[in-house]
Each structure stands twice: as C-alpha cells, then as structure tokens.
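Student: Could you take me on a close look at a single part of this model? I would like to follow one stretch of chain and see what surrounds it.

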Amino acid sequence: MTTLTAPSPTPQVDHAAVARRAAAKNRRRVKSVLFHTVAVVATVVVLYPAAWMLFASMKPNSDIIGNVQLLPDVWTMEHYVSALSGIGGVSFWTFFGNSLLLASLSVVGTVLSSTVAAYAFARISFPGRNVMFAIMIGTLLLPFHVTIIPQYILFNNLGMVNTYIPLLAPKFLAAEAFFIFLMVQFIRGIPRSLDEAARIDGCGHGRTFWRIILPLMRPAIVTSSIFTFIWSWNDFLGPLLYLKDPSLYTMPIALRQYVDQTSVSDYGAQMAMAVLALLPVMLFFVVFQRFLINGVATQGLKG
C-alpha cells in the first residue's frame, strides 16, 4: 500500500523585507557614487595648478600668459635647458645643493634637539618644568614676523649674516615648539614601566632615552623629519633675509630671480625650475608617506 505524503508548504516571501534591502543597497550605491564623484572633483581642483605649471613649462613664453588653455599648442623643452643652465652665473645644481644641504641639516638639528627636549619635558621632573613647557607652547601663538627684526639684529651683530648659521642655529637649539610638543605627546603614550625596568637594570636617563625611548619614537621622528624637510626646502623668507651671495641662494630664491618687473621675465624657465624644485619634495613624501600616516595616527604604546 502506497503512503502519500503531503507536499511541503511553499515558503512565504517577505516582499517588504526584500524591498527594504533593495532600497538600502541603492542608497549605499548612491552614496558611494556621490563620494567618489566629490573625491574626483576635489582631486582635480587640487592638482590642476600643478598640472598647469607642468604644461606651462613646455609652452613658449608668449603662450604662458596669453593662452589660458591647459595643453600647449607648441611643445618645447627649451625652458628646462635654460633652467638647468642656471641664472646669474650660478648653476641650477648649486641652488639645488644649497637647498638640499639646508633641508638635510635642518632635519638633523630638529630631530636631535626636539627628541632630547621632549624627553626632558615628558620624563624628567625638574623645577619649573610645567611653566617652561607652557611658555614653549605659547610660542606657537607668536607670529614669526614679530621676531624677524630682533633675530636679524642679533645675527648681524654676531657677523653671521650671509651664512647658513641663522637658518640652522634654531633647529639645533630646540626652537621648534611644534615638533617638541608632538614628541612629548608621543613619549607620554609610552608606558613608564619600560623606564622603571631600565632603571632597575642600572640605566640612567641617557641610556634609557637612547636604548628605550628613542627606538620607539620612530613614527614621530619620521613625521617631524618629513615636515621639517618640506618646510625648509620651501622656505623663502629666511634665505631672503640672511643670504646676500647668489652662490648661497636656495631654490625658492632662485625662482624669484627669473621674474623681473623692470625687464623681461622668463616665465617659462621659472615654471621649469618650479617643476624641478617640486620633484624632490614629491619623491621624499612618496617614499616616507606610510611613516607619516603611522606617525600621525600612532600615539605610542598603550599599556
């Protein structure tokens, strides 16, 4: 005798839930499209001046000012030849070497002085520490232009004008309050138990700083190095004030020499020089950008 089984009931489809999921998926898709559209537009706006400078360096001089279109009608590389030959009897590589020397020494001075000062503020108890730290932070509110005249008078009386000493001395004397503050905050995130363990092993402040704290500060050090290099490379006012000899000029000062309101200005060579001056900064940033992100995002070890 054959037993008949009842057919299983057909599952009911929740059309309302399906509609909600479809609507949520469409909203996410629309948000994604809007986000990427805004990101692309913002990228174009930000990069357009750099693209214009690049293409302007390959235009004839007559088209740089009179022609507003992005791509040149006539392509030429003569401006790069002119820029590489230098100006005023000084070669391009002299300007480049001067900027590289100043930027490299600025990085060394800032890292050495800021790390030591930050360790003192973060780990060593001494009379007036909090007051001195507050005064140092207060200098961030003091515009650079306020100190220009006193600094120039000081270095002029010491016979240091027309040398790199006025540009480098503050870097080695822990005068960069921003980087000291950054490193102090980073060191405060490192557990003090590491210091105590080092002290039990007989380490003083010097060995504790060199063997324990400094290796852990690499993200903050790299971040400070990147900003110091870029700021020093792009500095215009400092070299303009203190350097008188054209053989000591840096890249920003050399760029200014191509524009003369009393005679013919070589805008094409200036654009080419600007492109060449931008390449080291871009290369430096691309190489160390992951360290920059880690340095900004990391606040030390969490105990």
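**The loops on either side of H7**

Tutor: Happy to! Let us start at Asn162, which sits in the loop between H6 and H7. Please keep in mind throughout that this is a predicted model. The phi angle of Asn162 is near 70 degrees, a positive value in a residue that is not glycine. That catches the eye, because most residues other than glycine have a negative phi. With a relative accessible area of 28%, Asn162 counts as partly exposed, because that value falls between the 20% limit for buried and the 50% limit for exposed.

Before we move along the chain, here is the setting. The protein chain has 14 helices and 0 strands, so that its pattern along the sequence is an unbroken series of α elements. Of its 303 residues, 37% are buried.

From this part of the chain, Thr163 offers a link to a later region. Thr163 and Lys244 have C-alpha atoms 8.7 Å apart in space, although 81 residues separate them in sequence. Lys244 belongs to the loop between H12 and H13, and its relative accessible area of 46% makes it partly exposed.

Now pass through helix H7, residues 165-172, to the loop that joins H7 and H8. Two residues of this loop deserve a stop: Leu173 and Ala174. Leu173 is exposed, with 65% relative accessibility. Ala174, at 27% relative accessibility, is partly exposed. Ala174 also has a positive phi, near 55 degrees, and again the residue is not glycine. So what kind of surface does Leu173 take part in? Leu173 belongs to a nonpolar surface patch along with Leu101, Leu105, Val108, Leu112 and Phe172, and together these residues have about 540 Å² of accessible area. Helix H4 gives the largest share of this patch, with 4 residues.

One member of the patch, Val108, leads us to another helix. The C-alpha atoms of Val108 and Ser225 are 8.1 Å apart, while the two residues are 117 apart in sequence. Ser225 is in helix H11. With a relative accessible area of 13%, Ser225 is buried, because the limit for that class is under 20%.

Back at H7 and H8, which residues meet in a salt bridge here? The side chains of Lys171 and Glu176 do, with 3.0 Å from N to O. Both Lys171 and Glu176 are buried. These two residues also bring us to the largest pocket, which holds about 990 Å³ of space. Lys171 and Glu176 are among the residues closest to the centre of that pocket, together with Phe144, Pro170 and Ala175, out of the 30 residues that line it.

Where does the rest of the lining come from? Helices H4 (92-123), H6 (148-157), H7 (165-172), H8 (177-188), H11 (218-234) and H12 (237-242) each contribute at least two residues. By character, the lining of the largest pocket has 20 nonpolar, 7 polar and 3 charged residues. The buried pair Lys171 and Glu176 thus has a place in a lining with 20 nonpolar residues.

The search of the whole structure finds 2 salt bridges, and the pair in this region is one of them. Arg123 and Asp195 also meet in a salt bridge, with 2.7 Å from N to O. This pair connects distant parts of the chain: Arg123 is in helix H4 and Asp195 in helix H9 (residues 192-200), 72 residues apart. Arg123 and Asp195 are both buried.

To draw the tour together: the loop before H7 holds Asn162, and the loop after H7 holds Leu173 and Ala174. Asn162 and Ala174 each have a positive phi. Leu173 contributes to the nonpolar patch, while Lys171 and Glu176 form a salt bridge and line the largest pocket.

Definitions and conventions:
Residues are numbered from 1 along each chain as its sequence is written. This is a predicted model: local features need pLDDT of at least 70, side-chain atom pairs count only at pLDDT 80 or more; totals for chains, interfaces and linings use all residues. Side-chain values use heavy atoms; hydrogens and water are left out. On a 1 Å grid over the protein atoms alone, a cavity is a set of points where a 1.4 Å probe fits but cannot get out, and a pocket is an open set with protein on both sides within 12 Å along at least five of seven lines; lining residues have an atom within 4 Å of a point. Grid points are joined across faces, edges and corners, and a volume is the space filled by probe spheres set on the points. Patches are made of residues with over 30% relative accessible area and no salt bridge: like charges are joined within 9 Å, nonpolar side chains (Val, Leu, Ile, Met, Phe, Trp, Tyr) within 5 Å. Accessible areas come from the Shrake-Rupley method with a 1.4 Å probe; for residues, only the protein chains shown count as cover. A salt bridge is a side-chain nitrogen of Lys or Arg within 4 Å of a carboxyl oxygen of Asp or Glu. Buried means under 20% relative accessible area, exposed over 50%, partly exposed in between (1.4 Å probe, protein chains only).
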